[in-house]
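User: Please take a close look at one part of this model and work outward from there. I would like to know where the chosen residue sits, what surrounds it, and how far the prediction can be relied on.

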Amino acid sequence: MNTKFLLPLAAVATAALAPSMGLAQEASTAPAAETSYIFTTLLFLIGGFLVFWMAAGFAMLEAGLVRSKNVTMQLTKNIALFSIAAIMYWLVGFGIMYPGEWLIEGWLGPFFAVTSLEPMGIGAAEATLDYASVGSDFFFQLMFCATTASIVSGTLAERMKLWPFLVFVVVLTGFIYPIEASWQWGGGWLSEAGFHDFAGSTLVHAAGGAAALAGAIILGPRIGKYKDGKVVPMPGSNLALATLGTFILWLGWFGFNGGSQLAMGTVGDVTDVSRIFANTNMAAAAGAVAALILTQILYGKVDLTMVLNGALAGLVSITAEPLAPSLFLSLIIGAIGGLIVVVTVPLLDKLKIDDVVGAIPVHFFAGIWGTLAVVLTGGYTGEATLGAQILGIVSIIAFVFVTSLIVWVILKAVMGLRVSAEAEVNGLDVSELGMEAYPDFTKG
């Protein structure tokens, strides 16, 4: 072997490693609080942009499950609702949800406590190191707020005007969601009562489902959906997009649940995050498989849309407690969520409640199940009780449903909710927006 390069290479390697060795030594001597602050902030930022990617998942799922003549409208609603949520959560939502001082102790935070960030270039001596940066916390929590609005969008597709929906989003993201979420995550009365919802099976998903249910009741079904006592199928435009949307949502859910550990500064915390990832994935897989098998048994053929929603229902089901269960129990929880979807989709049709994308079965019913399933482990504290879980479910759903119903009724009286019959038949893309998602193809 030619050895004349060994000494120079060794010198280069030592020089290259010197800065990283210095950083490692510096990190090893950094205070524990500073290290925890850095890693928890990083968890919120990574989790936040993963949950943001769920906005793309909802957009693709809805675009695939509506008819081609309504695709542009769904895409418009999804980008608009996220943008409105971002502004409203900054303006009022974050302050209501995490109140410095309560207007009504444990029940209502202050209005118009506008969110402000730390100054640029803040040092460790000036920062509050007991948690994470305000920017990362605000960014992460905003994504949950926007997700709640996304749930409503798909249910009310194909027959609703754009602007009344966006006005509802203003109220939902600025006030309704932050108020009910503050009861638990803001240290409010439900938290004191022992309610447990790790990442939002009820606080986000069942709440969004309740808002969607109220809207569907007031809005009514699509023209021709229920005819002569029969349910008329209205197939979506693009199952490839719907499948892509489901996988995007599945990916984003790792941030949704994993980030809700709310800490990554210790070996225990980061190990728990990995446990949450594994349980979340298992529940999604089990939900998909359960829906696949049950649709084959009931209908003689597998229904892809049910399988997609089965996976999402599995994810919703594990969201209330993704840390405490074993992988086997996560499989059971997710599988039951998948079965719930297959059973409740036809139930809604019997009630003539038209949910275009199946959001109510996925988010509302599976969200309730997931929140109840916490008692199987007692939650990460081991102290969750059935009474406290039922109290939380009933109070949150009742609040969101009633307030949403009131807003929908007011909007119907003031602005009108539905497009005209002619506009609905022709499609909302042309009638409301004047453009088509697929101009080179015939209307579907």
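Analyst: W369 is a residue of helix α12, which covers residues 359–373. The model is a predicted one, and every value below is computed from it. The relative accessible area of W369 is 18%. Buried means under 20%, so W369 counts as buried at 18%.

What does W369 touch, leaving aside neighbours within four places in sequence? Its contacts are S317, I333, I336, G337, I340 and L376. In space, the C-alpha of W369 is 18 Å from that of A211, a residue 158 places away in sequence.

One of those contacts, S317, falls within the range of helix α10, residues 304–319. The 16 residues of α10 should span 22 Å at 1.5 Å a residue, and its end C-alpha atoms are 23 Å apart, which agrees. Helix α10 is mostly covered, with 14 of its 16 residues buried.

Helix α12 also meets α13: the buried residues of α13 pack against α12, as well as against α4, α5, α6 (189–193) and α7 (201–219). Helix α13 runs over residues 386–414. Its 29 residues reach 42 Å from the first C-alpha to the last, close to the expected 42 Å. Among the buried residues of α13 are A388, G392, I396, V400, V407, W408 and L411, and the list also includes polar ones such as Q389, S395 and S404. After α13 comes G416, with a positive phi near 80°.

Two of the partners of α13 can be followed further. Helix α5, residues 162–182, has 21 residues and reaches 29 Å end to end, close to the 30 Å expected. Despite that agreement, α5 bends by about 45° at L172. It is mostly covered, as 16 of its 21 residues are buried. Helix α4, another partner of α13, spans residues 134–155 and holds T147. T147 counts as buried at 3% relative accessibility. Apart from residues up to four places away in sequence, T147 touches V51, F58, V204, H205 and F256.

F256 leads to the nonpolar interior. In soluble globular proteins, nonpolar side chains tend to be buried together. Here the largest nonpolar core has 57 residues, and F256 is listed with Y89, Y177, L249, W253 and L312 as having the most contacts inside it. A second, separate core has 49 residues, including A212, L348, I360 and V400. Beyond four places in sequence, F256 is in contact with V51, M54, F140, F144, T147, A199, V204, H205 and T319. V400, named in the second core, is also one of the buried residues of α13.

A further buried position is V92 in helix α3, residues 71–97. V92 is buried, with a relative accessible area of 0%. Outside its neighbours within four places in sequence, V92 is in contact with F112, G174 and F175. F112 is placed in the loop between α3 and α4. Unlike V92, F112 is exposed, with a relative accessible area of 54%. Its phi is near 60°, a positive value in a residue other than glycine. L262, in the loop between α8 (239–258) and α9 (267–299), likewise has a positive phi, near 65°. At 33% relative accessibility, L262 counts as partly exposed.

The wider setting is as follows. The protein chain has 15 helices and two strands. Its radius of gyration is 24 Å, close to the 22 Å given by the globule rule for 444 residues, so the chain is as compact as a globular protein of that length. The C-alpha atoms fill a box of roughly 85 × 65 × 45 Å along the principal axes. Of the 444 residues, 53% count as buried. Among contacts between residues at least 6 apart in sequence, 79% join residues at least 24 apart.

How far can the model be relied on? The chain averages a pLDDT of 91, and 93% of the residues score at least 70. Residues 1–29 stay under a pLDDT of 50, and the model has one contact beyond four places in sequence for them. Where pLDDT is low, the predicted coordinates should not be read in detail.

Terms used:
Residues numbered from 1 in each chain as written. Heavy atoms only, no water. Core = buried A, V, L, I, M, F, W, Y, C linked by side-chain atoms within 4.5 Å. Buried < 20%, exposed > 50% of the residue type's maximum accessible area, 1.4 Å probe, protein only. Contact = heavy atoms within 4.5 Å. Helix = DSSP H or I, 4+ residues; strand = E, 2+ residues; numbered from the N terminus. Expected span 1.5 Å × (residues − 1). Bend = angle between axes of the 7 residues up to and from the residue. pLDDT = per-residue confidence, 0-100. Rg over C-alpha atoms; globule rule 2.2 N^0.38 Å.
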